[in-house]
Amino acid sequence: MPVTEGPGSAGRSGGSADRRGEIAARLGAVRARIAAACDAVGRGHDEVTLIAVTKTYPVSDIRLLSELGVADIGENRDQEAARKAAEAAALGLALTWHFVGQLQTNKSASVVSYAQVIHSVDRLRLVSALGSRARAAGRTVTCLVQVSLDGDPARGGAAGPQVMAVANAIAGEDALVLGGVMAVAPLEIPAAVAFGMLRDVAEEVRSVYPGAVMISAGMSDDLEQAIEAGATHVRVGTALLGGRRAIVR
Ligand SMILES: *Cc1c(COP(=O)(O)O)cnc(C)c1O
């Protein structure tokens, strides 16, 4: 399809109207998938929040998503997230920022300065760093316990009794709120099985902390299985924005 550009748009990344149309179409398709998945198991459409994972994509895409009604943005690298959150704030965009990537303890002060929700809390040392940094900044940050469903520590996540230990530690920090649990489905386990395991862990945590109702699960390829297993938040990148090619500075 030819791209028509007026003289004023010379030098800009070509065809922002096209990009808006592309993202609008992709967003419509993702919303339809979420609605159909909710319908299939008798859940209300408003029980599932769509988080647009915008890693590697520019703030101009975040602005388009915001204009199309997406209020929740996910990022997985602190440096990139901090820069984009600042740029989006300067544009006046009202967004909730979700940090979804593996988090080094020494990034705690930075992450609590812009993120409202941190999905990847998986060890006690990180909890105490986030807790003290959030308290010092006068902020309250919602934290999810990232659960490792295959017990492989390489991808991050707490396993076995560590899950409850991390949940207890979050609940014990006055500047942190225990929101619930998060997982990434391991490649070697069918998504439906993996998310069923996560649902069991979520129920266990909720039996002690009734307010910890969030289940962050499901990405572009497996959001249906996640919603079927009770996900309250799906984290979708590729299906909304396209395949990630190169890192955008
Ligand atoms: C990139 C990423 C996503 C989104 O993945 P897609 O397959 O692009 O939808 C979700 N969760 C985490 C933790 C991610 O890093």
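**Entry 1: the ligand shell**

I began with the ligand in this predicted model and listed the residues around it, which are Val 53, Lys 55, Val 100, Met 219, Ser 220, Arg 235, Val 236, Gly 237, Thr 238 and Arg 244. Sorting this shell by residue class, I noted 4 nonpolar, 3 polar and 3 charged residues.

I then asked which pocket the ligand takes up. The space it fills is the largest pocket.

**Entry 2: polar contacts of the ligand**

Next I went through the oxygen atoms of the ligand and their polar partners. For the side chain of Lys 55, I found one of its N or O atoms at 2.6 Å from a ligand oxygen. For Ser 220, again through the side chain, the distance between an N or O atom and an oxygen of the ligand came out at 2.5 Å. With Gly 237 the partner is a polar backbone atom, and I noted 2.8 Å between that atom and a ligand oxygen. I followed this with the cover of the ligand: on its own the ligand has 390 Å² of accessible area, and the protein covers 88% of that.

**Entry 3: Lys 84**

I looked up Lys 84 and placed it in helix 3, which spans residues 78–90. Is Lys 84 buried or exposed? I recorded it as buried, because its relative accessibility is 1%, and the cut-off for that class is under 20%. Its side chain is joined to the side chain of Glu 75 by a polar contact of 2.8 Å.

**Entry 4: Ser 148**

Moving to Ser 148, I located this residue in the loop that runs between strand 5 (141–146) and helix 6 (161–171). With a relative accessible area of 10%, Ser 148 is buried. I then asked what the side chain of Ser 148 contacts. I found a polar contact with the side chain of Asp 150, at 3.4 Å, and I also noted that the Ser 148 side chain reaches the backbone nitrogen of Gly 151, at 3.0 Å.

**Entry 5: Arg 133**

Last, I turned to Arg 133, which lies in helix 5, residues 124–137. Its relative accessibility is 46%, so I entered Arg 133 as partly exposed, a class that holds values between the 20% limit for buried and the 50% limit for exposed. I also checked how far Arg 133 is from Ala 229: the two residues are 96 residues apart along the chain, and their C-alpha atoms are separated by 34 Å.

Conventions: Residues are numbered from 1 along each chain as its sequence is written. This is a predicted model: local features need pLDDT of at least 70, side-chain atom pairs count only at pLDDT 80 or more; totals for chains, interfaces and linings use all residues. Side-chain values use heavy atoms; hydrogens and water are left out. A residue is near a molecule or strand if one of its heavy atoms lies within 4 Å of it. A polar contact is a pair of N or O atoms within 3.5 Å; within protein, one must be able to donate a hydrogen and the other to accept it, and residues adjacent in sequence count only if both atoms are side-chain atoms. Accessible areas come from the Shrake-Rupley method with a 1.4 Å probe; for residues, only the protein chains shown count as cover. On a 1 Å grid over the protein atoms alone, a cavity is a set of points where a 1.4 Å probe fits but cannot get out, and a pocket is an open set with protein on both sides within 12 Å along at least five of seven lines; lining residues have an atom within 4 Å of a point. A molecule sits in a cavity or pocket if more than half of its atoms lie within 2 Å of its grid points. Ala, Val, Leu, Ile, Met, Phe, Trp, Tyr, Cys and Pro count as nonpolar, Asp, Glu, Lys and Arg as charged, and the others, Gly among them, as polar. Helices (H or I, at least four residues) and strands (E, at least two) are DSSP runs, numbered from the N terminus. Buried means under 20% relative accessible area, exposed over 50%, partly exposed in between (1.4 Å probe, protein chains only).
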